[in-house]
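Got a minute to go over this one together? Let's have it up on the screen first.

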Amino acid sequence: MRKQYFAGVDIGSTMTKVVIMDQEVIASVIGATGPEHRKLANRVMEEALAKAGLPFDDITYVVATGYGRINVPFADKQITEISCHAKGVAYFLPEVRTVIDIGGQDSKGIKLKDGRAVDFVMNDKCAAGTGRFLEVTAEGLGVKLEDMGKLALTAKNAVGIANTCTVFATQEVVSKLAEGVALADVIAGLHEAIAARIYSMIGRLKIEREVALTGGGAKNIGLVKALEARLGYKVLVPPEPLLTGAIGAALMGRDIVKEAEEKGTPLVRAERRLTEATFFT
Amino acid sequence: MTEEKKPEERKKRRTATEAASKIGPMVKAAIGGTVQAREEGKPLAYSFICCCYDEIIRAMDVIPVWTENYAGVCGAKRDAQRFLERAEAENFSRSLCTYALCGLGFDAWREELGEMPPEAPWGGQARPDMMLGSGQMLCDPRNKWYQAAQQYMPDVPVYDVGLPWPPYEDDYDYREVQDYYVKYIVAELKGLVQFLEKHTGRKMDWDHLSELVDLTDRTWNLIWETYELRRAVPSVMGTGDAMNTMVPMVFMMATQEAYDFYQELNDELKHKIANKEGEIPDEKYRLIWGGGLPSWFALSDFNYFNSKGAVFPVEVTYRMIEATYNFDMDLSKVTDPLEHIAWRWVKFWTYWYDRARKRPGSHPDVERLIKYIEDYKIDGIVMHEAFSCRSWHVGLIWQLNMLKKVYKDIPSLILESDIVDISSYNEADTKARIDAFIDTLEAVKSR
Amino acid sequence: MPEKAVVKGLAAAERLYQDYGVRARELKEQGQKILGYLCAFVPLEIVTAAGFMPFRIKGDVNEPITKADTEMETIVCPLVRSCFDMALKGNYDFLEGIVIPHACDSICRTYDVWKYTLNLPYAHFINMPHTTGDSSLDFYRDILNTFRTSLGRFAGKEISDQELARAVELHNRQRAKVRELYELRKASPPLISGEEVARVLIAAISIPVAESIELLGDVIEEVGQRGRAPAPKKARIMVIGAQVDSIAFIKLIEDSGAWVVADDLCPGAREFMSSVDLTADPIEGIAERYLRKVKCGRTYREMKGNYEEDLEDRFGHMRRMIDDFKVDGVVLYIYKYCDPFGFEVPQIKSYIEAKGTPVLYLEDEYSMSTIGRLRTRVQAFLEMLG
């Protein structure tokens, strides 16, 4: 029987992720999204195929997810990132019941049961509680974004940040620095502020352990620690926390194909193929 | 309410009067009293201010737990966020009244724990035996908040008192309808008495109630006379103080303690006036706080105004009384206590209607502003738009527009924040706006 | 006799929906006086009986709110702001007056802004009480009589009991027609889509009640003739919220692969499911319906039994609709800054979930600028339903 490969394309607001899998991930690509989703989707898919050493026609099924999922013309199905993240996390960490995904411009909480999403909350309209909050405040403080997490851990006394508005919070921390508060304390305070916003959002889900963290936020050690302090216990981070959405998407594709085979129903696929799309770039 | 010292060493807020500085401890004692009363098994009722039932509950020795006050205390102590966040976790929108969110978050937490949340401000909000809301034009939370709280306390009954007042309309005069408004309010208050009798097992002492109604009238008159003293130049007491001195008016009405407090304040103000003791040494601008509840966590902003030479001799907020002898009816002739309360209520809310009829295109709320501007010699008007409260903070823009249209162009400022949710407050921005406003006042003055 | 429109049924509804107010403008040219009103709590029978055409003021989800901000604070419910914005932009220039009920804070506390800014020949505030006891009902009858007298003065003649009774019957007939239309949604697949129902109802509240009865009748006939071919199964969704006066949100749900078969909305089931009893004094039946029969969070229903019984009294009708229309999932669609519904969300959600139906709670800004965010949530919810 011909080997089956599944592709997951996760177009987030800041990063685009593609994975190709059979039983496990054989290739993955992460790139900045930018404004041209359509062209980008083709490009990263081609890159992933090159890495996997496969032609597009060998891919049995493609699932697109994320904010830009409607801009993937060669995807056979679009599924929301909520369902896909749940699937991706359950694949790596079956004991997880609650997922917290912290992206560049949004954050979400997902409740899992039997490996599927059963409830969710999202914040995609306010920067507070997303990667954006740290990005803007880091810039305001003159600190590199990738250093923020480590610096937070060196704080002696995290300072309280009252403002949730990113712009106001930036003003607040800059003036605190001017008053002589230590930089690490201010940065720790910012991490606590995000953790507080996220904790408040996911509170609506009635959090159950184990809790997993995904998205860019999961790579920020300061944020992980701040959330753990809020929760009162450790959180799990899956291997490749940025790829859980794309992996979940590919796995959803695998399930769809399997179900169609078992039931004998025809598989509905996208009409436009990858090679066609390049004609329009 | 004075703020507690915080690690950042916040300065204690300065009040102009001795009387105002006594309020913090009074409130703390009252809240502590409710917690103790809970332990002693005395009947406690969640209560709202301005619901006509002060005399009724006091006459029956039912102890009020003023939930708006408790939220204000949490706000002033800058410890409301965790309760707001808990309410949000319960699926209440953060755009709702933040008094209610604070209270609901607190109740959810307290009921879950079976005891007060850790380090609850001033001992916490005591679990009630009943909850007394109201249905009226003032505010929706008054008839939705306690109903929502019941999901955490399903055994606690709720009674909503209907308390409307005639709107100001062009197609009829309020006197054409006031009789049936009063009839309705009396029926509703009767229902409240029955409810209280049922749930306390006590009977209303109607004579005692009449005494408290009379005491309330006298207290209203005393407050009015006392606040009218603030017309003095220089100003002897500002809105910053008034946000403290309102406590007996709205949380202790129908008690001798409240009356005595205002007598003390009255004496103090007379003394200051006699000695020309203004609240600040160099008074330059006299302002009216024309609308909106204050940000309880930022009452020190009044001191900031003071530092720029600005004083607030008068405010609309929490001036929930008028002198009963100024009403167009002789209230003393109404001997039935419930009817008396109802008539007082209707006359209070329609007080400025006749004045509005005399000025084309005017409106009672605007007339009130005009009278205060003239009597208190006001240079400018400040209003506060609190995002979570549609009761007091809607119609401010329009009132200012109307004031300028029918009266005169007067410098105005609208501050934006909230009553309890500090995350909406930007101190730098607020001070910048105040500075700009002071510049405007100075420019107008020197014309 | 006005020329009959060539289009009928769904096509007519489309025209009335797209050009909201077109019929009112035609009638105004012919001398008909039109009164605008907000919300479903204005007793339309009294307006109709006085010879005015009641016209429902609505907002526009696609129009950014601009002019309204010069007079009305942005902390007011966005639906009310949008309605006011539309009025300021001249969309409702044909109105002779406005009638505004005490529905909620956003409406009650802005009444003066509406009155003074629009400065129409007639404005009246119906001070409907919040509670439902006997004293409240008595009071409300007095309120309605004040309105009746006032409107009669404006119309130039008193409103008679017979005229009122006739209006009651007419409005009841309209409600019965809507209930008949809803029956067509029970089928699997439903004979009429949620989008079509929304369009028809929104059209119906912009025309005289007699014409709306005809419109509804035509639609029922047209839809009734549709074939009942089996279709792949889709989730059956019920939407609960305040006023949803555009098809956009319903369409979003259906485009995501579901049917919207039921609702507790205005215009919708909440507004049309109950009728006025024919009483000797027509005002009595009218008062009873609007204060007690219509179930909306703005009305505080006195507890008669224990807490569980209270929840049944407040929300039981939702569960019955879920059962009758075989609803798979409920979307609770609430605007930001909405007090009456905002406070009820946790109780409605837990009540419905306890009965076994999943609930998606969405807080929205009213405008369709958020449509991308809504789409993701709705789609995720449908994916979870299976």
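What follows is a short back-and-forth on one interface and one sheet.

Modeller: Quick ground rules: this is a predicted model, where local features need pLDDT of at least 70, side-chain atom pairs count only at pLDDT 80 or more, and totals for chains, interfaces and linings use all residues. Residues are numbered from 1 along each chain as written, chains are lettered from A and ligands numbered from 1 in written order, and side-chain values use heavy atoms, without hydrogens or water.

Colleague: What area is buried between chain C and chain A?

Modeller: Contact here means heavy atoms within 4.5 Å, and 15 residues of chain C touch 17 of chain A that way. Buried area is the accessible area (1.4 Å probe) lost on putting two parts together, summed over both. Carbon and sulfur atoms give 47% of it, and the total is about 1,300 Å².

Colleague: Which element gives the largest share of the side of chain C that touches chain A?

Modeller: Helices (H or I, at least four residues) and strands (E, at least two) are DSSP runs, numbered from the N terminus. β8 (359–364) and α17 (371–385) of chain C each supply at least two residues. The largest share, nine residues, comes from α17(C).

Colleague: Over in chain B, which residue stands opposite B:His384?

Modeller: Strands pair if DSSP finds at least two bridges between them; the open, parallel sheet runs β6-β5-β7-β8 in chain B. Six bridges join β7 (residues 380–386) of chain B to β8(B). Opposite B:His384, in β8(B), stands B:Leu415.
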